[in-house]
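Reader: I am new to this structure. Could you show me how to read its features, one at a time?

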Amino acid sequence: MENLLLQGLNGLASASSLFLVASGLTVIFGVTRIVNFAHGSLYMLGAYLAFSIVTSLPRGHAGFWGGVVLAALAVGVIGALLEMLLLRRIYRAPELFQLLATFGVVLVVQDVALLVWGAQDLLGPRAPGLRGSVELLGLRFPLYELVLIGIGPVVLGLLLLLFKRTRWGTLVRAATQDREMVGALGVNQRWLFTSVFFLGSLLAGLAGALQLPRESVNLHMDLATITEVFVVVVVGGLGSLPGAALAALLIGELHAFGILIFPKITLVLVFLVMAVVLVVRPRGLFGKAQVAQAAVASVAEPVLGRAPAQLKWLGFFALVVAVAAPPFLAGDYALIVLTDMAIAVLFAASLHFIMGPGGMASFGHAAYFGIGAYGAALLTKWFAAPMVPALLAAPFCAGLAGVLFGFFCVRLSGVYSAMLTLAFAQIAWSVAFQWVELTGGDNGVLGVWPDPWATKLNFYWLALGCSVMGTLALRRIALSPFGYALRAQRDNTLRAEAIGINAFEMRWVAFVLAAGFAGVAGGLFAFAKGSVFPTALDIPRSVDALLMVLLGGVQTLAGPLLGALAFTGLHEQLVRATDYWRLVLGGVILLLVLAFPQGLAGAVRQWWEGRRHG
Amino acid sequence: MLKVQGLSAHYGRAHILDDVGFEVPAGQVVVLLGRNGAGKSTTLKAVMGMVRPSAGQVLFEGTDIAGREAYQIARAGLGYVPEERRIFSELTVRENLSVGRRPPAQGLRPWTEERLYGLFPALGAMQDRPGGRMSGGEQQMLSIARTLMGNPRLLLLDEPSEGLAPVVVQRMAQAVRQLKAEGLAILLAEQNLYFAHAVADRAVIIEQGRIRWEGGMVELLNDESTYQQYLSL
Ligand SMILES: Nc1ncnc2c1ncn2[C@@H]1O[C@H](COP(=O)(O)OP(=O)(O)OP(=O)(O)O)[C@@H](O)[C@H]1O
Ligand SMILES: [Mg+2]
């Protein structure tokens, strides 16, 4: 009984900090429509900055609380600068490009933190005067946690006052619903966006700074937080503060009691909850429908078209080189990299298929890659299956998962759908991670070696063959009547349904197809590496796929190809060349985003067409 | 006061407006007439900077405002009332009005909430009601009132009579005439010839993104063939 009370209080304390981060994210999303992946990085910066400031100020109440406030303010300023220098330039670009930019920021911040604060976990000072604990019904509970429990509701109250009682708050609420109209009424959106970013970042920074006495400051805080906070924001309903508060409470308590009852399930519990909530309420607990955004924004998105003939020849030539050159290359290393590239191209093309023609973003595409990989690997492990049947089984495993997960995901739209894919991916990941008897858990499945005939070179050709055929097949489908129908439902669901297109079925089939092709890539991956670990379906892998597609550009069929090649090549070189590859990669991404808001392939095509017509 | 010259606009690759030109003299009401899809709303949006013109000039009191952003154009003294009304449904009537508030312009009597409730008495009775729980006609009044809070000198009104009962259309026409009497210039997009007749001094006919006819409102009513060609269904 007492234990339950303690757990309940623990749950409240984490709910409180979750709410602080989530409130910032939800306010930013509400107004700017930006899914800010860098929000977790701002939280982490808050913790690091607070560490530095608090330890350099004199000890005592003023030093500690002053440090926390200063750190929060500093993060607020960083967020405002981020908006002014980066995001502001790309508001008119397709929505997903802003996502790419925030990924770039995540990478950069990771390495900046590594450079400034080092790789070691930092233990901050405890809060002065709050080191002890209080007695509650004969149990000791840390005083600081109690203070934290109080801070959440106070911040919620202040925010509600701010939004209800000030003109700024009224403008923000109006802009959350229809920002273009707010602009037409004479309000400078830039200023509004910057101030919203300042406030949202400040809240993230505050939450990070307040963690100082609770846990060590480390470089994993950003991604760990962002996924959990996404869940909170989505469950609560994007843009809704009370929703975020309720969801934070729900998730915080579920965590606390989940550990008590089912220690194993805690990793998936939050994602299970999100999946259930989204299936029952597609816009979260308190979410509302959005007014369709400005025509100005959608005009920037060009149609998916065929590539000019010369470009096709160029591609064909590149393919010939890719087939013919490797036997003359020295060393296995080049073959390994080339094989990785072939696999990456297919993986990216499969994600592109649902994102481009399908018009659905997926934050969890690694699930199907990983399920394909595990499918093939487990067949060899448990049934001693030879390589070819195992490879053939991979797309079916992934496709089956696509049938199941897709059924739920394609019913939703926009960010909600993307978040549900993430939830399913995390569930799949934790199965791989925790079902140790079957998958070996963290130790992975080892000894997945190709058949003897498949030397490094032969295997490369096999991978290349699968990749080229898979990519061409996806292209074929995208340009077939099915593909046209798919794009019709993407561009205007209602109109498409009016002419007899069943949008749900279209999307579902597309999802399953994409999952299947990702599974092929995953199966190849398992045999290329000889082993599979849970990292095959973790969030960073989904993010990699997104990066490839977004780098290349969603609007062209050649985009994912270029993106995958550029990303894999760059990544490979950078990891070998420097410890700070994230900084360079993130920097390159940011530069590309600013220079080519239509993606690599879009830029190449524009240059090409400009040359011909101009 | 407003002079549009050679205005073109595109949605993606579709060419919607082609070489559109007309004038709105100070203190007058000019109506833009045309069938569904003719390009009336696009013209207003292009003037307002909500669709970026691909060519042409929009001279407001001599300054070219084409290519500026909507908020700058609003601050220059144009007010825009969209066809879909676009009320902030979560906000109350009073809050909706406060979003539109801007400092008064010179030469015109500044609008206050009280004066607007005088213009549209129905609004005064529901100051704390959320915009989402108002009838179409009430939303139309609120949309106009919200824009007036910005004290514009030229009002762009997109089909204010759409979907309103005849009695309400009459009252709306009265309000527009009152605004004109206050000295406001108005560019109105309309399909309702009755409403246009009740308020407009001049008419401009647009079809397939081109201006086909321009002249006095009375002139148009006497010109059966122009009416037949461009406006009858
Ligand atoms: N957001 C958009 N994207 C693409 N085309 C559009 C868009 N909005 C309007 N159009 C097209 O532009 C043309 C002109 O539309 P517009 O809304 O200006 O017509 P309108 O004269 O206001 O018609 P209505 O009387 O129906 O309001 C139409 O052919 C329409 O299909
Ligand atoms: Mg219209």
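Reader: Let us start with a salt bridge. Which residue meets A:D111 in a salt bridge?

Author: The model is a predicted one. To call a salt bridge, look for a side-chain nitrogen of Lys or Arg within 4 Å of a carboxyl oxygen of Asp or Glu. Here the partner of A:D111 is A:R582, with N and O 3.7 Å apart.

Reader: Where do A:D111 and A:R582 lie?

Author: A:D111 belongs to helix 4 (residues 95–117) of chain A, and A:R582 to helix 24 (residues 581–595) of chain A. The pair therefore ties together parts that are 471 residues apart in sequence.

Reader: Is A:D111 buried or exposed?

Author: Buried means under 20% relative accessible area. A:D111 has 0%, so A:D111 counts as buried. A:R582 is partly exposed, at 25%.

Reader: Which other salt bridges can I look at in chain A?

Author: Try A:E135 and A:R140. Their side chains meet at 3.4 Å, N to O. Both A:E135 and A:R140 are exposed. Then take A:R490 and A:D491, which meet at 2.9 Å. A:R490 is partly exposed at 28% relative accessibility, while A:D491 is exposed at 54%.

Reader: Which residues do salt bridges with shared partners join into one network?

Author: A:D178, A:E180 and B:R86 form one such network.

Reader: How many salt bridges does a search of the whole structure find?

Author: The search finds 19 over all chains. Between chain B and chain A the count is 4. B:E95 makes a salt bridge with A:R173, and the closest N and O atoms there are 2.6 Å apart.

Reader: How many residue pairs are in polar contact across the interface of chain B and chain A?

Author: The rule finds 11 pairs, with both residues at pLDDT 80 or more.

Reader: Which elements of chain B give two or more residues to the side that touches chain A?

Author: They are helix 2 (70–76), helix 3 (93–100) and helix 6 (136–148) of chain B. By type, the residues on that side divide into 12 nonpolar, 5 polar and 10 charged.

Reader: Now the size of an interface. How is it given?

Author: Often as the accessible area lost when the parts come together. Chain B and chain A bury about 2,300 Å² between them, and carbon and sulfur atoms give 52% of this. On the side of chain B, the residues that lose the most area to chain A are B:Y71, B:R86 and B:F88. Together these three account for 24% of what that side buries.

Reader: How many residues does the contact take from each chain?

Author: The contact takes 27 from chain B and 24 from chain A.

Reader: Next, a metal site. Which residues coordinate the magnesium ion (ligand 2)?

Author: Look for the atoms that hold the ion. Here they are OG of B:S41 and OE of B:E83, at 1.9 to 2.2 Å. B:S41 lies in helix 1 (residues 40–48) of chain B, and B:E83 in the loop between strand 6 (78–81) and helix 3 of chain B, so the pair ties together parts that are 42 residues apart in sequence. B:S41 counts as buried, at 18% relative accessibility.

Reader: How many residues of helix 1 of chain B are buried?

Author: First, a general idea about helices. An α-helix has 3.6 residues a turn, so residues three or four places apart point the same way. Now the case here. In helix 1 of chain B, 9 of the 9 residues are buried, so this helix is largely enclosed by the rest of the structure. Among the buried residues are B:K40, B:T42, B:L44 and B:M48.

Reader: What follows helix 1 of chain B?

Author: B:G49 does, and its phi is positive, near 85°.

Reader: Where is B:R115 found?

Author: In helix 4 (residues 113–119) of chain B. B:R115 is buried, with a relative accessible area of 18%.

Reader: Which residues does B:R115 touch, not counting residues up to four places away in sequence?

Author: B:R115 touches B:R109, B:P110 and B:E182. A polar atom of the B:R115 side chain lies 2.9 Å from the backbone oxygen of B:P110.

Reader: Where does B:R171 sit?

Author: B:R171 is in helix 7 (residues 166–181) of chain B. B:R171 is partly exposed, at 49% relative accessible area. Its C-alpha atom and that of B:F120 are separated by 9.1 Å, though the two residues are 51 residues apart along the chain.

Notes. Residues are numbered from 1 along each chain as its sequence is written. Chains are lettered from A and ligands numbered from 1 in the order in which they are written. This is a predicted model: local features need pLDDT of at least 70, side-chain atom pairs count only at pLDDT 80 or more; totals for chains, interfaces and linings use all residues. Side-chain values use heavy atoms; hydrogens and water are left out. Contact means heavy atoms within 4.5 Å. Buried area is the accessible area (1.4 Å probe) that two parts lose on being put together, summed over both. A polar contact is a pair of N or O atoms within 3.5 Å; within protein, one must be able to donate a hydrogen and the other to accept it, and residues adjacent in sequence count only if both atoms are side-chain atoms. Helices (H or I, at least four residues) and strands (E, at least two) are DSSP runs, numbered from the N terminus. Ala, Val, Leu, Ile, Met, Phe, Trp, Tyr, Cys and Pro count as nonpolar, Asp, Glu, Lys and Arg as charged, and the others, Gly among them, as polar. Donors are N, O and S atoms within 2.8 Å of the metal (3.2 Å for Na, K and Ca); water is not among the atoms, so sites may look incomplete. Buried means under 20% relative accessible area, exposed over 50%, partly exposed in between (1.4 Å probe, protein chains only).
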